[in-house]
2 protein chains.
Amino acid sequence: MSLIPALKTLLGDAHVLTGPDTARYARDWMGTYEGIPLAVARPANTAEVAATVKLAADHGIPVIPVSGNTGLTGATYTEGGLLLSTERLNRIREIRPASRIAIVEAGVILSTLHDAAETHGLYFPLWFGARGSAMIGGVLSTNAGGSNVLRYGSTRALCLGLEVVLPDGRILDLMSELHKDNSGYDLKNLFIGAEGTLGIITAAVMKLVPAPLAHATATLAVRSLPDALTLLNRLQAATGGLVEAFEYMPADYMRRLVAIRPDIGRPFATPHDTTILVELAATAPALATPAPDGTVPLADLLESTLADLMEDGLVLDATIARSTAQRSAMWARREAAAEIGAAVKPMIDSDIAVPLDKVATFLDRITPRLATIAPGADTVTVAHLGDGNLHFSVYPGDPSKDLYDRVITAIEDIVQDLGGSFSAEHGVGLSKLNSMSRRKDPVALDLMRTIKSAIDPAGLMNPGKVIPPKDARK
Amino acid sequence: MSLIPALKTLLGDAHVLTGPDTARYARDWMGTYEGIPLAVARPANTAEVAATVKLAADHGIPVIPVSGNTGLTGATYTEGGLLLSTERLNRIREIRPASRIAIVEAGVILSTLHDAAETHGLYFPLWFGARGSAMIGGVLSTNAGGSNVLRYGSTRALCLGLEVVLPDGRILDLMSELHKDNSGYDLKNLFIGAEGTLGIITAAVMKLVPAPLAHATATLAVRSLPDALTLLNRLQAATGGLVEAFEYMPADYMRRLVAIRPDIGRPFATPHDTTILVELAATAPALATPAPDGTVPLADLLESTLADLMEDGLVLDATIARSTAQRSAMWARREAAAEIGAAVKPMIDSDIAVPLDKVATFLDRITPRLATIAPGADTVTVAHLGDGNLHFSVYPGDPSKDLYDRVITAIEDIVQDLGGSFSAEHGVGLSKLNSMSRRKDPVALDLMRTIKSAIDPAGLMNPGKVIPPKDARK
């Protein structure tokens, strides 16, 4: 029997889609990648995923897992492969509040997990814009980041156990709830961030944390990026590590912001080069319980700390959110980043990371390089500064392939020289394959190929993603 | 040229030891394993490690890395292989306090790193008994745990970057300082915990944290282990997650303790079944700075929290350390575990982990099983309870191989049934190979073999460790 009828027998006709019915699975949310899959299979559980993968393997058809379609790198694009949607694996199998764990399937939407944790007074501390669509399977497969990584780590740090269907259809049961386990190789982390090229993640044991009882948010101005790092460390010291977000919005960002969203406006009457959004979060009642006069101790702590830092000359200007509305307004300034990016085309964007103390060096070096390559090009920077993760965008007048390549080369030359990464939180997919060829340590790349060939010898798991072909142009 | 003269040419005569000079490298600290290596090579740097591994590979001689010799599983035992000591790779290459990182070589002793971090007001938060001898290379290769894992994670969680010499002598440079990097597979975690079977770790980038400014320590009694988990969660909630150690010492432990160390004595006049040592640590000055009357806010917080918990009936009895001497005395009670273990032989010990909410179930089930298998056998339990990690020891009268096997089988049957691990923090080495055969998920074990064969096709990296032979007796 050929693959599609066999899949229909296995999954039921309603769960094997072909033709136009595949469109919504085959197109990513930005509309950048739109493929034509052979079909979309929608298995209902792990056993069905395993049987689907086995069938596809028997037919020599590539399998490309897809969950929320919110990726940014084309990792779920396929022409002729079988898209395996995990959307029906959407059960939260169990939440065990005393152990602070949630056992979830790959198709659970991130915000669904947020809501479920909240009913237990707990929090799943992974937070980013696409949380209403992104699913756990994709979150794990891309080791998603976001704005809380500073405090809680990336997805990898939040995962205790994993269930994976291997390329030959076997089920790998690593569903550990353990905090210590040294019984052999760390297989779990090999599949997290592998973007479906080694197997298909079907379920996971995720850590939960106590829900913050209070937040305190401020927008600050400092003199320079090195001062910003000093500020971060001073804030962490003063609060005992309560900083949950530390976001950088420089002058170029603010200029675009006020042009596009005049309703939001600048935080300070006097523009500053280095603006930081900082948020603290506390779970201790002593910091979170309002005083009789309504003031929250955490807000007082932030205020007195900032007063000290202003006295020391480290902080030039500061404004503290006094209400939920003011907090939202501060975040709106940061979350307008996507709008800013979309407002002016063409844009050359990047998702880079450098060591925490090298962010300033990157910006100091890229500016004169760009002045030569793309004179007059505008730039916009916005950063998860506490992680050294920058989204640095260039708006050249001329969108030619050649200019694009020269700008990316200039950015990545400096990033590489500083020990940074060309892909901080979005992954590789298709869009960063050239960067993998050019920038990744050749021994590391060779080792990745060795592992890929060993685990997926037929090369049928999301082929062509993450690892560039050996003879790729550099 | 045969291997030893070639090594002498490479490293210098003084750094290739043979015969009796190899003894101190070939024997583990407990004296359980004592092998006869072909020689001990002592390369001075990564390039020399690479050249040593290449030479050994060319001669078909196995290479077994050794650092502080403090392992407990025979992972550095060899008959006829080349012991590669990392002790001369002992430089702290760099500490960058603003970025909270230390770049260290594999031969740096753990306590040396502690001291170096301390000079910057920072802390490397991995803490266990052998810290004065254990070296970073071994710490990483075994993913060492200890008593702070609850707060800071195992070694894996503290490592940002790694340098590894591969089985063919190539150097894999993963010396990232980044907090976000999604540029391909997570190779780093594959080598951490692999016990030298995939390559030799030569250097690493480790995270540092702010040094605690104050500790508050107490010994508590609760009614049951489920109550202990409730207690842990209540303490975390009340303090905003400041619990740094949560150690369990039940009645069987206390009985042995008073017998062997009458100088230490019981914590309470009335013996309790479930005694907990808890320690909080604070980095926030608001909790750490003594009031004019000398009281430390963190200690006040612990005291008032415990008062509430006693009022609620959750805590039966409590004593708080009022001085450094009292704190040390409380820890002496816990740290006597090694002495207790050594005092009475023969002992059947274990290093197991179960989910946090299954510790009580394990003990409830093992007791009647042991009563059948080894009637009258004494047991001693001590646990890093906050991680679900138990060191459960059985003292049968009869030390026969058969009884040993039946006791281990009984323990591991229950552990496996509860989703636990037979090796929580010590690793596999030689001593847990049988458990790997019997207990590890067969798909996981097969995948480990696949990875091992792919990365080390000649099978020369620490052969015979971690992965049992395929035809092993079960």
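## How the two copies meet

In this predicted model, every bit of the shared surface is used twice: 100% of the interface residues of chain A are also interface residues in chain B, so the copies meet through the same surface. Each side puts in its share, with 80 residues from chain A and 80 residues from chain B in the contact.

The geometry goes along with that. Turn chain A by 180 degrees, with 0.0 Å of shift along the axis, and it lands on chain B with an RMSD of 0.0 Å. The two copies are thus related as by a two-fold rotation axis.

## What gets buried

Chain A and chain B bury about 6,100 Å² between them, and 58% of that sits on carbon and sulfur atoms. On the chain A side, Lys180(A), Asn182(A) and Tyr185(A) supply 17% of the area buried against chain B, more than any other three residues.

Tyr185 turns up again in the largest nonpolar core, which has 104 residues. Tyr185(A) and Tyr185(B) are among the members touching the most others, along with Leu162 and Ile451 of both chains. Looking across from chain B, Tyr185(B) touches a run of chain A residues, including Leu190(A), Leu198(A), Met448(A), Ile451(A) and Val466(A).

## Polar links and the elements behind them

There's plenty of polar business too: the interface has 10 salt bridges and 38 residue pairs in polar contact. One salt bridge joins the side chains of Arg170(B) and Asp446(A), at 3.0 Å from N to O.

Which elements give two or more residues to the chain A side? They are β9 (171-174), α7 (188-191), α8 (225-239) and α17 (442-455) of chain A. The largest share, 10 residues, comes from α17(A).

Terms used:
Residues numbered from 1 in each chain as written. Chains lettered and ligands numbered in written order. Predicted model: local features only at pLDDT ≥ 70, side-chain atom pairs only at ≥ 80, totals over all residues. Heavy atoms only, no water. Least-squares fit on C-alpha atoms with pLDDT ≥ 70 in both. Contact = heavy atoms within 4.5 Å. Core = buried A, V, L, I, M, F, W, Y, C linked by side-chain atoms within 4.5 Å. Buried < 20%, exposed > 50% of the residue type's maximum accessible area, 1.4 Å probe, protein only. Buried area = accessible area lost by both parts, 1.4 Å probe. Salt bridge = Lys/Arg side-chain N within 4 Å of Asp/Glu carboxyl O. Polar contact = N/O pair within 3.5 Å; in protein donor to acceptor, adjacent residues only side chain to side chain. Helix = DSSP H or I, 4+ residues; strand = E, 2+ residues; numbered from the N terminus. Lists of a residue's contacts leave out its neighbours within four places in sequence.
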